[in-house]
Each structure stands twice: as structure tokens, then as C-alpha cells.
Amino acid sequence: MGRAFEYRKATKLKRWGHMAKTFTRLGKQIAIAVKAGGPEPENNPTLRSVIATCKRENMPKDNIERAIKNALGKDQSDYKSMTYEGYGPHGVAVFVDTLTDNPTRTVADVRSVFNKFGGNLGTMGSLAFLFDHKCMFTFKKKADMDMEEFILEMIDYDIDEDYEEDEEEGTITIYGDPKSYAAIQKHLEEGGFEDVGGDFTYIPNDLKDVEGEHRETINKMIERLEEFDDVQTVYTNMKPEEGEE
């Protein structure tokens, strides 16, 4: 497997934080999907995708239905997707994905953490050369599925050759060009794949070795950022330690 797989394998258990934070993140994604395409999953492919992800994360059905209902309320605020990027301590690049109803508050919170740890919050796009922006889809693997044939079939959709297989869960995760998100989702659903859940991710293309106390400092910074409800995911180009999850 290639770089995308190895990076995700090393970081996937850390990516979403604890369960309560995961449900908060998914609830916001449901709100955005409902606002954009309505509350009926059969007529809203984005909502279908989010619900599939909710199920994989063991989000209770009642929570999903409540989030959809809340998104229809007139007092429900509109969330915006905002990405902040810069350098943390010891020259480590940091991407912070957020969903927020108050960008002024969110950027102040994120900047305060960068400042506290001696980092520097940069301008949007300043770290684009260090990360590959990808869409990703996870779905149930079909019986006797030939992955080489499948990848060839998906070439027109800009799918990466590398993929991630979770034998325990019986799922496949593929990566591709974010611009192909809708086309990939449509192809998978029309192909009869089950529980098709989509998302976006940033994969570092130049991992940085960080050791000892420096690594501890960066991990503390990440933990502090993840405490904010607006923060969805924190990505860095810090090379995972061997066996780290």
C-alpha cells in the first residue's frame, strides 16, 4: 500500500477524537446536508453519505433523526466549512478543518492555540504544497470483488491506485480527486455498493520527523485544538511513530 494508506492507518484512531466529539461533528454535517438538499435521504445523496458514516461510527438512530429534525428548525444556524492552516511548533505544518456558525469566534480560538504553542497561523492556501486534498469513500466490499479490476474501472473518476481494506469490518476505502466526489458517489451507488459514506481528507506529501519532547508539545497542541466544538479534524505532516495509532 502507498503513502495515503500508511498515513491513514497510523492516524485513523486519533482522527475523530472521542465518541461525543464524533457525534457533534456528524450532527453538523447532517445539518449542512439537510440545508443544502432537504431531509429525505433518498432525494439527498450528501445526506445518504453522511448517514452511512454515522452508522459506521455507531451513532444511534435517534441521534441521526434528531439531527435531521433540528436542521429543519427555523432557529438552526447555518454552518460554514472553514479551513485554517499554519505552522505549529518545531516547523510542523498544521491543517485545521472546522464547521462553524461564527467564523470570527472560530479563527480567534484557533489563533489563540497557535500563539500559545509558538506557532504561526498562515493564510488560506499557504500549505497547499505540503498536502494532497482528497475525497474518500468507504463502502461494504462485495463478495469475490476483484480490486484491481475495480480500480481500473474507476480510472475515469481519478481514483488513486492505493486503497484501504478493513477485513474486520468488511469495508474498502478509496481516495480520489475532490472534484470527482459527486461522480464517484453516483457510480458506487448505481453499482450496488452498500453503506457508501464519503468524506474529504488532507494527506501530507512530505512527512517530518519529530522526536521526544517536541512530539509531546505538538500532540498537546492538537489535543487543545480538538477541544473546540467547531474543530472537525486536525491534520499535520508529523511522521507517525512506528506502531502509533
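Buried means under 20% relative accessible area, exposed means over 50%, and partly exposed covers the range in between. These three classes are used throughout this report on a predicted model.

**Overall picture**

The chain holds eight helices and eight strands. Of its 245 residues, 47% are buried. Long-range contacts are well represented: among contacts between residues at least 6 apart in sequence, 74% join residues at least 24 apart. The chain exposes about 13100 Å², and carbon and sulfur atoms supply 46% of that area.

**Two loop residues with positive phi**

Most residues other than glycine have a negative phi. Asp158 departs from this pattern, with a positive phi near 60 degrees. Asp158 lies in the loop between α6 (147-153) and β5 (159-166). Its relative accessible area is 41%, so Asp158 counts as partly exposed.

Asn58 is another non-glycine residue with a positive phi, about 60 degrees. Asn58 sits in the loop between α3 and α4 (61-71). Here the relative accessible area is 60%, so Asn58 counts as exposed.

**Nonpolar cores**

In soluble globular proteins, nonpolar side chains tend to be buried together. The largest nonpolar core in this chain has 19 residues. Val94, Val96, Val110, Phe114, Met221 and Leu225 have the most contacts inside it. β2, α5 (103-116), α8 (212-226) and β8 each supply at least two residues of this core. A second, separate core has 17 residues, among them Phe139, Ile151, Met154 and Val196.

**Around Met221**

Leaving out residues up to four places away in sequence, Met221 touches Gly88, Pro89, Val94, Val113, Phe114 and Phe117. Two of these partners, Pro89 and Val113, are followed up here.

Val113 belongs to helix α5. Its relative accessibility is 2%, so Val113 counts as buried. Beyond four places in sequence, Val113 is in contact with Met221, Arg224, Leu225 and Phe228.

Pro89 lies in the loop between β1 and β2. Although in a loop, Pro89 is buried, with a relative accessible area of 7%. Outside its neighbours within four places in sequence, Pro89 contacts Phe117, Gly119, Thr217, Ile218 and Met221.

The table gives one pair for each of these two residues.

| Pair | Apart in sequence | C-alpha to C-alpha |
|---|---|---|
| Pro89 and Thr217 | 128 residues | 7.5 Å |
| Val113 and Met221 | 108 residues | 6.8 Å |

**The second largest pocket**

The second largest pocket has a volume of about 560 Å³. It is lined by 26 residues. Gln29, Ser81, Leu99, Asp199 and Phe200 lie nearest its centre. The elements giving two or more residues to this lining are α2 (19-37), α3 (45-56), β1 (80-87), β2 (93-100), β7 (197-204) and β8 (231-236). The biggest share comes from α2, with six residues. By class, the lining has 10 nonpolar, 12 polar and four charged residues.

Two elements link this pocket to the largest core. β2 and β8 each give two or more residues to the pocket lining, and each also supplies at least two residues of that core.

Note on methods. Residues are numbered from 1 along each chain as its sequence is written. This is a predicted model: local features need pLDDT of at least 70, side-chain atom pairs count only at pLDDT 80 or more; totals for chains, interfaces and linings use all residues. Side-chain values use heavy atoms; hydrogens and water are left out. Helices (H or I, at least four residues) and strands (E, at least two) are DSSP runs, numbered from the N terminus. Buried means under 20% relative accessible area, exposed over 50%, partly exposed in between (1.4 Å probe, protein chains only). Contact means heavy atoms within 4.5 Å. Accessible areas come from the Shrake-Rupley method with a 1.4 Å probe; for residues, only the protein chains shown count as cover. On a 1 Å grid over the protein atoms alone, a cavity is a set of points where a 1.4 Å probe fits but cannot get out, and a pocket is an open set with protein on both sides within 12 Å along at least five of seven lines; lining residues have an atom within 4 Å of a point. Grid points are joined across faces, edges and corners, and a volume is the space filled by probe spheres set on the points. Ala, Val, Leu, Ile, Met, Phe, Trp, Tyr, Cys and Pro count as nonpolar, Asp, Glu, Lys and Arg as charged, and the others, Gly among them, as polar. A nonpolar core is a set of buried Ala, Val, Leu, Ile, Met, Phe, Trp, Tyr and Cys residues joined through side-chain atoms within 4.5 Å.
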